[in-house]
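Please look over the sequence and the model shown here before reading on. The report is arranged by topic, with a heading for each.

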Amino acid sequence: MKWIAGALASVLLLSSCGTPSQKYAASKSEGVYFTVPQEWHEISMKELSALESTSKAIGAAEKLSLVKWQAAYTPNKKIQAKQVFSIKPTTEPLVFVRVRDLFPDEINSISYNTLRDVVEPLTDWVSNPDASTPEFNVVDDFEVKQPNARGVHTIYDFVVDGVSQTIDQVSLMSLNGQKIYVLVLRCTTKCYDKNRKLLAKISKSFTVRGKK
């Protein structure tokens with residue numbers, strides 16, 4: 001686990017200079033990590049999975065069984081798992097990560113558009129807008145290639161209940177096409193603009209090394 005050793009070395013180096021400003025959110029078993037501010041509150045996989053397990057949606061239990069790691073981070077300790085899975089905008093940053101194996105039919109059909117649509121059906125909004133399509137704006141969209149995964153980094157704004165929200169997501173799939181890695185940062189557009197540099201730093205730190 002050389003990448004973990006390197007990450008820990010960086011933390012120790014920061015510690016030697018005082019209290020570290022960042023901490024690593026990582027899954028050693030999945031080989032995934034990113035950084036968030038040291039003081040941010042974690043909503044654990046246990047809490048998130050416990051809430052998801054109550055879903056009555058068709059296929060929800062099967063999909064949950066394929067989740068290998070998920071967690072959320074926010075500076076607001078009042079935000080809980082319920083808010084993580086809600087599309088309503090938060091007034092403070094919220095970061096969610098998920099690593100999930102794919103169903104066989106997903107492996108055969110996953111595309112960059114599939115990755116763009118992990119939160120909202122952005123592809124249809126762009127290609128086939130209708131009366132239900134909210135007011136939206138694609139801020140950025142570009143390909144991401146890492147040693148063990150590839151996908152897209154997409155940033156877009158859209159209006160929910162009269163409030164503009166910004167979604168900043170990095171959606172990657174393993175090179176064998178059997179797993180997806182998703183990092184979603186979101187809050188009101190006003191909040192996002194205020195914290196743009198910090199949130200860009202978090203999304204840029206999202207790294208997939210994969211299992212060793």
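What follows describes the sheets, a helix that lies across strands, one glutamine, one loop residue and the aromatic pairs of this predicted model.

## The seven-stranded sheet

Seven strands form an open sheet in the order 3-4-5-9-8-7-6, and their pairing is antiparallel. At its edges are strand 3 and strand 6 (136-146), each of which pairs on one side only. With direction ignored, neighbouring strands of this sheet are turned against each other by 15° on average. As a general point, the strands of a sheet pair through backbone hydrogen bonds, either parallel or antiparallel.

Beginning at one edge, strand 3 (residues 41-43) pairs with strand 4 over three bridges in the antiparallel sense, and here Glu 42 stands opposite Tyr 73 of strand 4. Strand 4 (residues 67-74) is mostly covered, since seven of its eight residues are buried. Strand 4 also pairs with strand 5 (residues 94-101), in the antiparallel sense and over six bridges, with Val 67 standing opposite Arg 100 in strand 5. Strand 5 is in turn joined to strand 9 (residues 179-188) by eight bridges, the two strands running antiparallel, and Val 99 stands opposite Tyr 181 in strand 9. Helix 2 (residues 45-52) packs on this sheet, where it touches strand 3, strand 4 and strand 5, and its direction makes about 110° with that of strand 4.

## The three-stranded sheet and helix 9

A further open sheet consists of three strands in the order 1-2-10, again with antiparallel pairing. Its edge strands are strand 1 (22-27) and strand 10 (207-208), each of them pairing on one side only. Strand 1 and strand 2 (residues 32-37) are paired over six bridges in the antiparallel sense, and the bridge partner of Gln 22 in strand 2 is Pro 37.

Helix 9 (residues 196-205) lies across strand 1, strand 2 and strand 10, and runs at about 165° to strand 2. Helix 9 also lies across strand 5, strand 7, strand 8 and strand 9, running at about 175° to strand 9. Helix 9 is thus in contact with strands of the sheet ordered 1-2-10 and with strands of the sheet ordered 3-4-5-9-8-7-6.

## Gln 165, a buried polar residue

Which polar partners does the side chain of Gln 165 have? Gln 165 lies in strand 8 (residues 163-174) and has a relative accessible area of 0%, so this residue counts as buried. The side chain of Gln 165 reaches the backbone oxygen of Ile 87 at 2.9 Å, and a polar contact of 2.8 Å joins the side chain of Gln 165 to that of Arg 186.

Leaving aside residues up to four places away in sequence, the residues that Gln 165 touches include Lys 88, Pro 89, Tyr 156, Phe 158, Cys 187 and Thr 188, as well as Ile 87 and Arg 186.

## Asp 161, a loop residue with positive phi

Asp 161 is found in the loop between strand 7 (149-160) and strand 8, and its relative accessibility of 69% means that it counts as exposed. The phi angle of Asp 161 is near 50°, which is a positive value in a residue other than glycine. For context, most residues other than glycine have a negative phi.

## Aromatic pairs

The structure holds nine aromatic pairs. In one of them, the ring centres of Tyr 24 and Tyr 33 are 5.5 Å apart and the ring planes stand at 55°, so the pair is classed as tilted. Tyr 24 is partly exposed, with a relative accessible area of 33%, whereas Tyr 33 is buried, with a relative accessible area of 14%. Trp 125 and Phe 136 also form a tilted pair, with 5.6 Å from centre to centre and 45° between the planes. Because Trp 125 lies in helix 7 (residues 122-127) and Phe 136 in strand 6, this pair ties together parts that are 11 residues apart in sequence. Trp 125 is buried, with a relative accessible area of 8%, while Phe 136, at 27% relative accessibility, counts as partly exposed.

Phe 34, Trp 69, Tyr 73 and Phe 206 together form one aromatic cluster. Of these residues, Tyr 73 has already appeared as the residue of strand 4 that stands opposite Glu 42.

Conventions. Residues are numbered from 1 along each chain as its sequence is written. This is a predicted model: local features need pLDDT of at least 70, side-chain atom pairs count only at pLDDT 80 or more; totals for chains, interfaces and linings use all residues. Side-chain values use heavy atoms; hydrogens and water are left out. Helices (H or I, at least four residues) and strands (E, at least two) are DSSP runs, numbered from the N terminus. Buried means under 20% relative accessible area, exposed over 50%, partly exposed in between (1.4 Å probe, protein chains only). A polar contact is a pair of N or O atoms within 3.5 Å; within protein, one must be able to donate a hydrogen and the other to accept it, and residues adjacent in sequence count only if both atoms are side-chain atoms. Contact means heavy atoms within 4.5 Å. Two strands pair if DSSP finds at least two bridges between them. Axes are lines fitted to C-alpha atoms, for helices over the stretch in contact, and angles run from 0 to 180 degrees between N-to-C directions. Rings of Phe, Tyr and Trp (its six-membered ring) pair if their centres lie within 6.5 Å; planes under 30 degrees apart count as stacked, over 60 as edge-to-face and the rest as tilted.
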